[in-house]
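Visitor: I would like to learn how to read a protein structure, one feature at a time. Please show me the one we will use.

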Amino acid sequence: MKKYIVETYYTCTFKTVHTLENLDDAELSKIDQRNDGEVEVIDVKLNNRKTKKIGGKKDEKIENIKLSKGLPKNIPNPLKNIKDDKKEPAINLKNKGNARFKMPDRRKGYIQKAQIGDHKVYLHTGEYDDGKIGEIFIDTNKEGELVKAMMNNFAIAISLGLQYGVPLEEYVDAFIDTKFEPSGNVIGNDRILSASSILDYVFRELAISYLGKEELAHTPSIASTKNITTSEGDDKFLKIVKNITSKGFVRSNYEEKLVDLSDVRINLKTKN
């Protein structure tokens, strides 16, 4: 809303009444000099031709000076407040808060296959070099074009949020215990036995694997070494590493990619 100062001109019609003792030329010549007449206003009209709006910078300064001098100290100057408000910088909503931390071109992760009801769900994860999750992909065996597109774009949205710094805990709190079909018993996952929906299963699995939230698991964590099948020449440390590391990610170069620190001794004594 714009505010203007209006300079207004009025045309006033009035008459002056004098009392004359003698009606002659001498008395009439003295009428202009007499001050004892009574003034009566006949009509007042707004002069539209001369009335104008004062909105320029020069007029604003003049009026501000006049009001500042005329107003008492305890009364704030409205024009000054308006001027001060204009000086306040506008908030830039387009500023980017955080930068995107893109995933490395070659990344590690895992694929978890499970079955919820009659639907098979494949969860793919991608990790940064430090082990933090940065992306997910969700595939199911029974899905139409609409459901497939929705699941793919949902996974992309979650991945972008993770890469821009959204904590995984926020997604877990938002999607845990969501209920829709398919739901029921979970087959193929050793830590989750049932789920109320695909999203409940996915984020329950991510919370257990990446956040260590054991309270969301249905079975206790038991370390298993029965699947270790390596050559007899490998030591115990390398056997464990081969069991938990992606062979394709390291391209079978376990010795070059990993360093055994079991025999390293670190002196933590401080100098006196």
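Visitor: Let's begin with two helices that cross. Is the crossing of helix 5 and helix 6 left-handed or right-handed?
Guide: A crossing is left-handed if the near helix is turned anticlockwise from the far one by less than a right angle, and right-handed if clockwise. Here helix 5 and helix 6 make a left-handed crossing. Their axes (lines fitted to C-alpha atoms, for helices over the stretch in contact, with angles from 0 to 180 degrees between N-to-C directions) come within 9 Å and cross at roughly 145 degrees. From helix 5, Leu-168, Tyr-171, Val-172 and Phe-175 take part in the contact, that is, heavy atoms within 4.5 Å. Helix 6 brings Leu-199, Asp-200, Phe-203, Leu-206, Ala-207 and Tyr-210. These residues divide into 9 nonpolar, no polar and 1 charged; Ala, Val, Leu, Ile, Met, Phe, Trp, Tyr, Cys and Pro count as nonpolar, Asp, Glu, Lys and Arg as charged, and the others, Gly among them, as polar.

Visitor: Before we go on, what kind of model is this?
Guide: This is a predicted model, in which local features need pLDDT of at least 70, side-chain atom pairs count only at pLDDT 80 or more, and totals for chains, interfaces and linings use all residues. Residues are numbered from 1 along each chain as its sequence is written, and side-chain values use heavy atoms, with hydrogens and water left out.

Visitor: Where is the confidence lowest, and where is it highest?
Guide: Look at pLDDT, the predictor's confidence in each residue, from 0 to 100. The chain averages 75, and 62% of the residues score at least 70. Helix 3 (residues 78–87) has the lowest confidence, with a mean of 51, and helix 5 (residues 168–175) the highest, at 94. Over residues 90–95 the pLDDT is below 50, and this stretch has 0 contacts beyond near neighbours in sequence. Where pLDDT is low, the predicted coordinates should not be read in detail.

Visitor: How many helices and strands are there in the chain?
Guide: The chain has 9 helices and 9 strands. Helices (H or I, at least four residues) and strands (E, at least two) are DSSP runs, numbered from the N terminus.

Visitor: Which residues of helix 4 meet helix 5?
Guide: Phe-154, Ala-157, Ile-158, Gly-161 and Leu-162 of helix 4 meet Leu-168, Tyr-171 and Phe-175 of helix 5. This contact counts 7 nonpolar residues, 1 polar and no charged. The two axes come within 9 Å and cross at roughly 140 degrees.

Visitor: Now the sheet, please. In what order do the strands lie?
Guide: Strands of a sheet pair through backbone hydrogen bonds, either parallel or antiparallel. In this open sheet of 5 strands the order is 7-6-5-8-9, and the pairing is antiparallel. Strand 7 (133–140) and strand 9 (194–195) are the edges, each pairing on one side only. Two strands pair if DSSP finds at least two bridges between them; strand 6 (residues 119–127) and strand 7 have 7. Across this pair, Gly-126 faces Glu-135, and His-124 stands opposite Phe-137. In the hairpin that joins strand 6 and strand 7, 5 residues lie between the strands, and Gly-131 has a positive phi near 100 degrees. Helix 6 (residues 198–210) lies across all five strands, at about 40 degrees to strand 6.

Visitor: Is Val-186 buried or exposed?
Guide: Buried means under 20% relative accessible area, exposed over 50%, and partly exposed in between (1.4 Å probe, protein chains only). Val-186, in strand 8, is buried because its relative accessibility is 7%. Among the residues Val-186 touches are Ala-114, Ile-116, Leu-193 and Tyr-201. By contrast, Leu-160 in helix 4 counts as partly exposed, because its relative accessibility is 34%. In strand 7, 6 of the 8 residues are buried, while 22% of the 272 residues of the chain count as buried.

Visitor: What should I look for in the backbone of the loop between helix 5 and strand 8?
Guide: Most residues other than glycine have a negative phi, and most peptide bonds are trans. In this loop, Asp-177 has a positive phi of about 70 degrees although it is not a glycine. Pro-182 is also in the loop between helix 5 and strand 8, and a cis peptide bond with omega about 0 degrees joins Glu-181 to Pro-182.

Note on methods:
Lists of a residue's contacts leave out its neighbours within four places in sequence.
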